[in-house]
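Colleague: Could you walk me through this model, one feature at a time? I would like the general idea behind each feature and then the case here.

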Amino acid sequence: MASVDLLAQLEAGTCHEAFVPLRDVFLDNFARRSEVGGAVAVYVDGACLVDLWAGRVVRDQKPSGPWQADTIIRMMSINKAMTALCAHRLADQGLLDYDAPVARYWPDFAQAGKGAITVRQLMSGLAALVYPDEVPAGSAYDWDRVVEGLARQAPNWPPGTRGAYHSSTYGHLVGELVRRVSGRRPSQVFAEEIGRPFGIDYHFRVAPGDRARVSEVLSNPGSTTYSAIARGGETKLGRAWRILPDLDPAARDRPEALGVEMPSGFGRGNARAIGKLFAILGEGGRWEGRTLVSERAIRAMSTLAWDNVCPLTDRSYRYGMGMFLNTPGLVPMGPNPAAFGHPGAGGAIGFCDPRARLAFSYCTAFMCEGAGVGERCEALIRAAFEGLSRFRGGRA
């Protein structure tokens, strides 16, 4: 296989002079931190100052041709944040009340003692529905079977008493709420109201014409999340993800999965797209005369709802309404505790720091080790804030 000219790829991108050391870190990730292929983007004051890509895409679970400017890749659980944004838009439109019972919009949800759970609790990970035991095993690709099972599901502990990351269920729980209110699944709401109007190259389902530019994700046996899922029912995450039809990580990128709407983790985009989206949120929700979401919605998603050890993952998180708040060590987002965004298993992330007016995103073709975003992503985030200080003339 011919080598890829990393420097030529980087020269094809965008990098403001203040962020040249970040470009060097990105290159160093290939030399010292096992990067295969990926992209990184930084927006400051709403302007894209870094848009870099390099390395190889993955085909058939092997490094293949060069990463292109328009390559898209599965960014894992960032899809949950995109689903939450669809719900926040509906709230802005007066179609969804954060403090109303979910059952007002989805009557079947009231089963098994869930009648008092509010939209706010559902979107904030306070509904205690992390184990979809009533959903038939292997049915994650069947929307109706999943949501019918979740409607029957009893809470795993008293709702509202503990926050938890709803790893396998969040997308369908909030996604069905979106569908009940709007008559459209999140993929359609996102494409029609966010993706196309704001130029966000992110897709819940990949259309046939876009599939040639999709990179697979190369799995890493050192990933804490994926190793737990692969062990099935002997782990808590395995119990939560028993709804997958195939526990092989490579199955998520097979052709039959590209057109599936699985809103807890199958969406595909890239750093440029997710960085732009978080830049819009960091600028108050408006972009070129259009409003993506209101400042009220941004306050809702970025206000701390819970800060505790998650009962599903046994990891300490800080969480709002569909977004993580800065959680050093696992979901780092720079020096501001109020920065918010969303990670994806294996190292992908998108976030904004509204105070610094910086947005950042990274995606990778090779999952990191451990439970956080990994050393490649962490190094790039540090370099982004160092670059911001240089850009501001020594002021971060």
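Modeller: Happily, and let us begin with the cysteines. A disulfide is a pair of cysteine sulfur atoms within 2.5 Å, and by this rule the count here comes to 0 disulfides. Cys-352 is in no disulfide, and its nearest cysteine sulfur, that of Cys-377, is 15 Å away.

Colleague: Before we go on, what kind of model is this?

Modeller: This is a predicted model, in which local features need pLDDT of at least 70 and side-chain atom pairs count only at pLDDT 80 or more, while totals for chains, interfaces and linings use all residues. Residues are numbered from 1 along each chain as its sequence is written, and side-chain values use heavy atoms, with hydrogens and water left out.

Colleague: Thanks. Why is there no bond between Cys-363 and Cys-377?

Modeller: The sulfur of Cys-363 is 10 Å from that of Cys-377, its closest cysteine sulfur, so the two are too far apart for a bond.

Colleague: Are Cys-352 and Cys-363 buried or exposed?

Modeller: Buried means under 20% relative accessible area, exposed means over 50%, and partly exposed is in between (1.4 Å probe, protein chains only). Cys-352 is buried, at a relative accessible area of 1%, and Cys-363 is buried too, at 0%.

Colleague: Where does Cys-368 lie?

Modeller: Here we need secondary structure: helices (H or I, at least four residues) and strands (E, at least two) are DSSP runs, numbered from the N terminus. Cys-368 lies in the loop between β15 and α13 (374-391), and with 6% relative accessibility it counts as buried.

Colleague: Which residues is Cys-368 in contact with?

Modeller: Contact means heavy atoms within 4.5 Å. Leaving aside neighbours within four places in sequence, Cys-368 is in contact with Asn-220, Ser-223, Gly-346, Gly-347, Val-373, Gly-374 and Arg-376. Ser-219 is 149 residues from Cys-368 in sequence, yet their C-alpha atoms are 8.5 Å apart in space.

Colleague: How should I read a nonpolar core?

Modeller: Think of a set of buried Ala, Val, Leu, Ile, Met, Phe, Trp, Tyr and Cys residues joined through side-chain atoms within 4.5 Å. The largest one here has 138 residues, and those that touch the most other members are Leu-22, Met-82, Leu-85, Leu-281 and Phe-360. Helix α3 (residues 78-92) gives this core its largest share, 9 residues. As for Phe-360, its contacts beyond four places in sequence include Val-40, Ala-41, Val-42, Ile-349 and Phe-351, along with Cys-377 and Leu-380.

Colleague: And empty space: how do a cavity and a pocket differ?

Modeller: On a 1 Å grid over the protein atoms alone, a cavity is a set of points where a 1.4 Å probe fits but cannot get out; a pocket is an open set with protein on both sides within 12 Å along at least five of seven lines, and lining residues have an atom within 4 Å of a point. Grid points are joined across faces, edges and corners, and a volume is the space filled by probe spheres set on the points.

Colleague: How many cavities of 30 Å³ or more does the search find?

Modeller: The search of the whole structure finds 4. The largest cavity has a volume of about 380 Å³. It is lined by 30 residues, and closest to its centre are Ser-77, Tyr-165, Thr-225, Gly-344 and Ala-345. Two elements, α8 (224-230) and β13 (340-344), give two or more residues to this lining, with the largest share, 3 residues, from α8.

Colleague: What about the second largest cavity?

Modeller: That one holds about 70 Å³ of space. Of its 13 lining residues, Arg-74, Met-76, Ala-345, Ala-348 and Thr-364 are the closest to its centre.

Colleague: What is phi of Met-76 near?

Modeller: Most residues other than glycine have a negative phi. Phi of Met-76, however, is near 55°, a positive value. Met-76 is placed in the loop between β5 and α3 and counts as buried at 5% relative accessibility. Ala-128 also has a positive phi, near 60°; this residue lies in the loop between α4 (119-123) and α5.

Colleague: Finally, what is the volume of the largest pocket?

Modeller: About 200 Å³. Among its 13 lining residues, Ser-187, Ala-191, Arg-196, His-203 and Arg-205 are the closest to the centre.
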